[in-house]
Amino acid sequence: MNISASSEAVPRIESIQVKNYRALRDLELRELTPLTVFLGPNGSGKSTIFDVFAFLAECFSVGLRKAWDKRNRFRELRSRNADGPIEFELKYRETPTSALITYHLSINENARGPFVEDEWLSWRRGRQYGAPYRFLNFKRGRGSVVAGEEPGAGDERVEEVLSSPDVLAVNTLGQLAKHPRVNALREFITGWYLSYLSADNSRGIPEAGPQERLTATGDNLPNVIQYLREQHPDRLDQILERLSQRVPRLERVEADIMQDGRLLLQIKDAPFERPIMAKYVSDGTLKMLAYLTVLYDPDPPRLIGIEEPENQLHPRLLQNLVEECRNASARTQLMVTTHSPFFVNGLKPEELWVLYRDEDGYTKAHRASDMERIREFVANSALLGDLWMENQFDVGDPLTNAGGLKTRRPQRS
């Protein structure tokens, strides 16, 4: 059963550049696919890339200062031996056929705390040729913005002053209907979902009440099951059908309200008559149920981030999970970190980025499809995870040169 829908209205990040953010001294990822996976040895920067999206989302949800303080400010955030601000630059499209929009955010710090050094939005109106037009441009809380559906050079530019230099202009002005392009970016970023799921968090007995979306840790899984059962029973049936294909003899999942008002998650498997509580269900079953709940969301997040999905799952389930992710990527964009060859075996070369540290200790990335030998192997039916384990990649060997570029590659028989 395929739940894919038209991707016409799905916003996509096409590239991202990060400077001075921890190990990401100067990293650019171009031509990102709807499903993008980051592979690499321990310490290569996978979690740091994941945290870039978390940091940006938190800047919009709780504010720059809280996101900054949570990560121990410049002392821990800025790349070692680097100076200057931390910079992020996203290029994305609101739909596949719309103009490419660039969002730039530069953050610095002084004695009073973090502030927005530079923030701007630009595009080529109507996809015309020539230099991009900045329709929002702010520095340290002061700047200007052009309103309207298609802001251009002939439109009125309005000067604005924000309440504080640590306030993001896009987050503030994006709440106004007269700035639809700014609003679209704000909604895009605030709609990101970054997963830190664990089976243990899903075993709790929360207060009853339907909830539309799983939390980052998955501690409200019973509430989401309750919501799907009440509002989207067909979608819940799809989730359970997929789950039963991966968990032998599973029959149904129940979320029942207890006398004290809490919600009890139970799972029924054959041939037994009585279901068992989630606290006694296997880690893999709960983890797969949580992932399917995210991927089959009736109204999915704009971007989904999943860190190391292989944890607590049987290796043979991982290639199936890749297909679920690819299926979901027609309705959202997925960013996944992994070091599992079993998960990587289900990927296409253009979906996989291999991370490593250079001689200066900073993260670099190579796309698998850009490695000539990898393209040749895959054309002859080789699987990417097997090639990685055989050390056939140009980079990413955890035992050689900190995973960096090789001077010699072994031959594949």
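**From single residues to the whole chain**

Pro315 occupies the loop that runs between β14 (303–307) and α9 (318–328). The model in which this loop is seen is a predicted one. With a relative accessible area of 32%, Pro315 is partly exposed, because that class covers the range between under 20% for buried residues and over 50% for exposed ones. The chain returns to this proline from further along: Phe342 stands 27 residues away in sequence, and the C-alpha atoms of Pro315 and Phe342 are separated by 5.9 Å.

A wider view helps to place such a pairing. The protein chain contains twelve helices and 17 strands. Its radius of gyration is 23 Å, close to the 22 Å given by the globule rule for 413 residues, so the chain is as compact as a globular protein of that length. The C-alpha trace spans about 70 × 60 × 45 Å along the principal axes. Of the 413 residues, 55% count as buried. Among contacts between residues at least 6 apart in sequence, 58% join residues at least 24 apart.

The surface and the charges can be described in the same global terms. The accessible surface of the protein chain comes to about 19200 Å², and carbon and sulfur atoms account for 46% of this area. The chain carries 55 positive and 59 negative side chains, with the centres of the two sets 3 Å apart.

Several buried residues show how separate segments meet. Gln333 belongs to strand β15 (residues 333–338). Its relative accessible area is 0%, so Gln333 is buried. Beyond its neighbours within four places in sequence, Gln333 is in contact with Pro11, Arg12 and Ile13, with Leu32, Thr33 and Pro34, and with Arg302, Leu303 and Ile304. Of these partners, Leu303 and Ile304 fall within β14 (303–307), the strand that precedes the loop of Pro315.

Gln226 offers a second case, this time in a helix, α6 (residues 221–231). Gln226 counts as buried because its relative accessibility is 4%, under the 20% limit. Where does the side chain of Gln226 reach a backbone nitrogen? The backbone nitrogen is that of Gly209, at 3.0 Å. Gly209 also appears among the residues that Gln226 touches, leaving out those up to four places away in sequence; the others are Ala208, Pro210, Ala255, Ile257 and Leu263.

The residues around Gln226 lead on to Gly261, in the loop between β11 (250–257) and β12 (263–269). Ala255 and Ile257, both touched by Gln226, lie within the range of β11, and Leu263 lies within that of β12. Gly261 itself counts as partly exposed, because its relative accessibility is 25%. Not counting residues up to four places away in sequence, Gly261 touches Glu207 and Ala208. Ala208 is thus a contact of Gly261 and of Gln226. The C-alpha atoms of Gly261 and Pro206, 55 residues apart along the chain, are separated by 8.8 Å.

Arg235 is located in helix α7 (residues 233–246). Is this arginine buried or exposed? Arg235 is buried, with a relative accessible area of 18%. Apart from residues up to four places away in sequence, Arg235 touches Tyr296, Asp297, Pro298 and Arg331. For Tyr296, 61 residues away along the chain, the C-alpha separation from Arg235 is 7.1 Å.

Leu173 lies in helix α4 (residues 169–173), and at 5% relative accessibility Leu173 counts as buried. The residues touched by Leu173, again setting aside those up to four places away in sequence, are Leu136, Phe138, Val145, His179 and Val182. Between Leu173 and Phe60, 113 residues apart along the chain, the C-alpha atoms are separated by 12 Å.

Two further residues draw attention through their backbone. Arg73 is not a glycine, yet has a positive phi of about 60°. Arg73 is found in helix α3 (residues 73–77), and counts as partly exposed at 45% relative accessibility. Asn391, likewise not a glycine, has a positive phi of about 65°. Asn391 is placed in the segment after α12 (384–389), where it is partly exposed, with a relative accessible area of 21%.

Methods
Residues numbered from 1 in each chain as written. Predicted model: local features only at pLDDT ≥ 70, side-chain atom pairs only at ≥ 80, totals over all residues. Heavy atoms only, no water. Helix = DSSP H or I, 4+ residues; strand = E, 2+ residues; numbered from the N terminus. Buried < 20%, exposed > 50% of the residue type's maximum accessible area, 1.4 Å probe, protein only. Polar contact = N/O pair within 3.5 Å; in protein donor to acceptor, adjacent residues only side chain to side chain. Contact = heavy atoms within 4.5 Å. Rg over C-alpha atoms; globule rule 2.2 N^0.38 Å. Areas by Shrake-Rupley, 256 points an atom, 1.4 Å probe, with all protein chains shown as cover. Lys, Arg positive; Asp, Glu negative; His and termini not counted. Charge placed at Lys NZ, Arg CZ, Asp CG, Glu CD.
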